[in-house]
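Could you walk me through this structure? I'd like to hear about the spaces inside and how some of the helices pack.

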Amino acid sequence: MDLLEKALFYFQNQLPFVLYAKPNEGILQGVFQKDATLHTFENQKGFVFASFYKETNVVFPLTDSEVFQEEIIFNVEEQTFNVEHTSDENAQKSFENLVKKAVSEIENGTFTKIVLSRKIELSQSINSIKSYQNILKKYPTAFRYLWFHPQVGLWMGATPEQLVKVKNNTFETVALAGTQVFSETITWQEKEIVEQQLVTAYIKNSTENLVESIQFSELHTHKAGNLAHLKTDITGKLKSNISENDLINALHPTSAVCGMPLEAARNFILESEKYNRKYYSGFLGEYKMQEQTNLFVNLRCCEIETQKTILYVGCGITKDSQADKEFIETENKAKTILSVLCY
């Protein structure tokens with residue numbers, strides 16, 4: 001595919017680019033910035049890459065970029081090495097202690113739900129182009145991207161979660177929570193149902209002053225790779241004086257990546273996770289491109305460095321959470337990216 005070759009050329013010459021494919025679409029799109037300037041997102045039309053908290057929100061502006069698209073063609077076999085990732089006992093103990101601390105805070109009324117995360121570092125050097133080809137093939141229902149800026153780094157992911165889609169004052173978003181390994185006979189526990197209901201309630205409360213109308217679908221199971229989640233599809237119409245940015249600021253960070261109440265949950269995350277999420281659990285996508293805004297939450301992602309690759313994984317914590325099971329959930333989520341990585 002020509003866009004993969006163009007992306008490799010841009011990377012070798014340290015120029016910003018993004019490749020992406022939308023869920024259930026067989027079209028690969030590319031935005032290639034003409035120089036290496038770091039553009040801070042200030043509502044410019046283009047491809048935006050936003051952080052979880054206070055990192056620079058970057059945009060590749062349409063005015064300074066070339067945009068291409070082509071059909072996705074799989075002309076190579078899937079290429080992987082079997083990453084021998086074994087659970088780190090110290091990492092497991094540390095994360096389980098963090099979960100227990102959060103549950104205690106929930107019981108004390110500090111917050112009702114929180115999303116905790118951790119990072120997994122792999123020492124292998126990764127071939128990002130081949131790995132991205134694997135992502136395109138393996139996760140057709142996800143938003144699949146490969147993003148690079150020389151002043152920020154190289155990121156790749158396959159996220160199942162839409163932040164928001166806006167066109168002509170109508171919008172679409174989702175409430176996505178609860179995670180299990182997918183099976184045809186899946187059964188959801190009360191903890192997972194409650195977690196999803198909290199996300200739905202958060203979105204409803206956050207947007208009620210911005211919308212003329214809003215509708216919620218029936219709760220259903222959504223398959224994302226080898227995992228399943230509980231999902232509610234949400235649609236609505238914005239008030240005439242409300243902009244895309246008003247809605248984005250109301251939704252991000254959602255309780256699916258942070259918690260509720262927002263401020264208390266975010267403060268706990270910043271104080272207790274002991275690492276910087278950077279762009280994990282931020283958002284990315286088209287901002288006022290092709291007459292619409294189409295953004296996704298940056299989940300199931302990794303940051304690729306010269307000699308190591310960093311995976312970011314998290315899970316929602318409620319009063320019924322069990323620390324050992326939450327750690328297992330993060331291990332299962334890591335497999336989404338681990339399964340596609342190759343030399």
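Strand S18 gives the most to the lining of the largest cavity, putting in five residues. Keep in mind that what you're looking at is a predicted model. S18 covers residues 309–317, and it has company: strand S6 (113–122), strand S10 (170–181) and helix H7 (323–338) also give two or more residues each to that lining.

So how much space lies in this largest cavity? It comes to about 260 Å³. A total of 24 residues line the cavity, and if you want to find its centre, look for Ala256, Leu299, Arg300, Gly314 and Lys333, which are the closest to it. The lining is a mix by class, with 11 nonpolar, six polar and seven charged residues.

That's one cavity, but the structure holds three of 30 Å³ or more. The second largest has a volume of about 60 Å³. Its lining is made up of Tyr139, Thr141, Ala142, Ala158, Pro160, Ala224, Gly225, Arg300 and Thr336. Sorted by class, that gives five nonpolar, three polar and one charged. You may recognise Arg300 here: it lines the second largest cavity, and it is also among the residues closest to the centre of the largest one.

Now back to H7, which we met at the largest cavity. Helix H2, residues 89–107, packs with H7 at an angle of about 125°, and their axes are 9 Å apart. Angles between 115 and 145 degrees count as oblique, and H2 and H7 are therefore oblique to each other. The crossing of H2 past H7 is right-handed. On the H2 side, the residues that meet H7 are Ala91, Gln92, Phe95, Glu96, Val99 and Lys100. On the H7 side, their partners are Ala323, Asp324, Glu326, Phe327 and Thr330. By class, this contact has five nonpolar, two polar and four charged residues.

There's another helix pair to visit. Helix H1 (residues 2–12) packs with helix H3 (residues 128–138) at an angle of about 145°, with the two axes 10 Å apart. Here, too, the crossing is right-handed as H1 passes H3. Which residues in H1 and H3 meet? From H1 come Leu4, Ala7 and Leu8, while H3 brings Ile129, Tyr132 and Gln133. This contact has five nonpolar residues, one polar and no charged ones, whereas the contact of H2 with H7 has four charged residues.

How values were computed:
Residues are numbered from 1 along each chain as its sequence is written. This is a predicted model: local features need pLDDT of at least 70, side-chain atom pairs count only at pLDDT 80 or more; totals for chains, interfaces and linings use all residues. Side-chain values use heavy atoms; hydrogens and water are left out. On a 1 Å grid over the protein atoms alone, a cavity is a set of points where a 1.4 Å probe fits but cannot get out, and a pocket is an open set with protein on both sides within 12 Å along at least five of seven lines; lining residues have an atom within 4 Å of a point. Grid points are joined across faces, edges and corners, and a volume is the space filled by probe spheres set on the points. Helices (H or I, at least four residues) and strands (E, at least two) are DSSP runs, numbered from the N terminus. Ala, Val, Leu, Ile, Met, Phe, Trp, Tyr, Cys and Pro count as nonpolar, Asp, Glu, Lys and Arg as charged, and the others, Gly among them, as polar. Axes are lines fitted to C-alpha atoms, for helices over the stretch in contact, and angles run from 0 to 180 degrees between N-to-C directions. Angles under 35 degrees count as roughly parallel, over 145 as roughly antiparallel, 65 to 115 as roughly perpendicular and the rest as oblique. A crossing is left-handed if the near helix is turned anticlockwise from the far one by less than a right angle, and right-handed if clockwise. Contact means heavy atoms within 4.5 Å.
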